[in-house]
Amino acid sequence: MENKVEILGVNIDKLTVKSASEKIYSFLESGGCHYVFTPNSEMIMTAYRDKNFREILNSADILTADGIGVVYASKILKNPLTERAAGYDTAMELLKKMDEGKKSLYLFGSKPGVAERASEKIKKMHPNIIISGCADGYFNDDKEKEIIADINSKKPDVLFVCLGVPKQEKWIYEHKNDLEVKVMMGLGGSLDVIAGEAKRAPEIFQKLNMEWFYRLCKEPWRIGRMMDLPKFAMTVILKGKRAK
């Protein structure tokens with residue numbers, strides 16, 4: 001546990017964006033299927049309340065700190081993370097390495113057409129990446145079987161799963177032994193950002209670690225979810241690192 005910090009029972013890896021992407025890329029040269037989750041404060045609070053989800057998170061090969069609240073919590077626990085390693089940023093750094101290595105990528109999730117538009121943007125930025133396939137996140141049991149069969153026929157090096165939390169983490173965990181993929185990453189709304197369907201906060205908000213405030217201003221309906229942030233901070237202070 002020297003290279004991890006336990007926050008309310010969730011074991012976050014002490015990795016930067018650069019070191020996380022390097023470690024993920026190294027999985028492409030090893031056997032088996034690896035998977036990566038990127039918990040923020042909301043996810044950790046969900047895991048704190050739900051033992052099953054907590055176990056799913058902790059089963060991952062890598063857990064990066066997606067929110068600044070997670071970084072602050074690590075400092076409260078006197079086992080500080082050096083930086084926030086957001087899923088989107090880690091994925092973008094990984095794509096650079098995949099371009100150099102001419103690796104393959106499958107995009108799964110979001111609304112119909114978004115994965116295809118994201119693939120076009122990725123190919124423009126990284127022309128050496130092979131886009132193996134795309135599938136949207138709207139499926140029933142029959143379509144899910146078709147998606148899994150398509151992924152396995154393409155055998156991509158990396159699969160981006162963007163179904164939202166906690167659906168994507170549960171889906172990856174459920175199918176980890178069914179898929180012929182080297183790395184799976186749960187990446188929430190990243191396809192929407194890559195495709196231009198959604199925008200990240202302006203750089204000034206990112207530098208001030210206030211992306212959450214920008215999202216709240218743009219999407220006020222998030223206020224209910226945002227209430228988990230102060231609850232998270234207080235729970236860390238009162239409960240320390242372990243889950244109940």
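What follows is a set of questions and replies on how terms apply to this predicted model.

Me: What makes K18 and E22 a salt bridge?
Reply: The side chains of K18 and E22 meet at 2.5 Å, N to O. The cut-off is 4 Å between a side-chain nitrogen of Lys or Arg and a carboxyl oxygen of Asp or Glu, so the term applies. Both residues lie in helix α1 (residues 17-26), four residues apart, about one turn of the helix.

Me: Is E22 called buried, exposed or partly exposed, and what decides that?
Reply: E22 has a relative accessible area of 35%. Buried means under 20% and exposed over 50%, so E22 is partly exposed.

Me: Why is D136 called buried, and what is its salt-bridge partner called?
Reply: D136 is at 15% relative accessibility, which is under 20%, so D136 counts as buried. Its partner is K143, at 3.1 Å, N to O. K143 has a relative accessible area of 28%, between the two limits, and is therefore partly exposed.

Me: How do you know that K155 and E180 form a salt bridge?
Reply: The closest N and O atoms of K155 and E180 are 3.5 Å apart, and the limit is 4 Å, so the pair qualifies. The pair links distant parts of the chain, 25 residues apart. K155 is in the loop between α7 (141-154) and β7 (158-162), and E180 is in the loop between α8 (167-175) and β8 (183-186). K155, at 48% relative accessibility, counts as partly exposed because exposed means over 50%. E180 is at 43% and also counts as partly exposed. A search of the whole structure finds nine salt bridges.

Me: What makes helix α2 mostly covered?
Reply: Seven of the nine residues of α2 (residues 41-49) are buried. They are S41, E42, M43, I44, M45, A47 and Y48. Each therefore has under 20% relative accessible area.

Me: How do you know that N40 caps the N-terminal end of α2?
Reply: A side-chain oxygen of N40 lies 3.2 Å from the backbone nitrogen of E42. A polar contact is a pair of N or O atoms within 3.5 Å, so the distance meets the cut-off.

Me: What makes I76 eligible for the nonpolar surface patch?
Reply: I76 is at 40% relative accessibility and counts as partly exposed. A patch residue needs over 30% and no salt bridge; Ile is on the list of nonpolar side chains, so I76 can belong. The patch, of about 410 Å², is made by I76, M234, I237 and L238. Helix α13 (residues 228-239) gives the largest share, three residues, while I76 lies in helix α4 (residues 68-76).

Me: Why are β5 and β6 called paired?
Reply: Five bridges join β5 (residues 104-109) to β6. Pairing takes at least two bridges, so β5 and β6 pair. The two strands run parallel, and the bridge partner of Y106 in β6 is G133.

Me: What makes β4 and β6 edge strands?
Reply: The open sheet of six strands has the order β4-β3-β8-β7-β5-β6, with parallel pairing. β4 (62-63) and β6 (130-135) each pair on one side only.

Me: What do the totals for the protein chain give?
Reply: The protein chain has 13 helices and eight strands. Of its 244 residues, 50% count as buried. The chain exposes about 11900 Å², with carbon and sulfur atoms supplying 52% of it.

Conventions:
Residues numbered from 1 in each chain as written. Predicted model: local features only at pLDDT ≥ 70, side-chain atom pairs only at ≥ 80, totals over all residues. Heavy atoms only, no water. Buried < 20%, exposed > 50% of the residue type's maximum accessible area, 1.4 Å probe, protein only. Polar contact = N/O pair within 3.5 Å; in protein donor to acceptor, adjacent residues only side chain to side chain. Patch = residues over 30% accessible without salt bridge, like charges linked within 9 Å, V, L, I, M, F, W, Y side chains within 5 Å. Areas by Shrake-Rupley, 256 points an atom, 1.4 Å probe, with all protein chains shown as cover.
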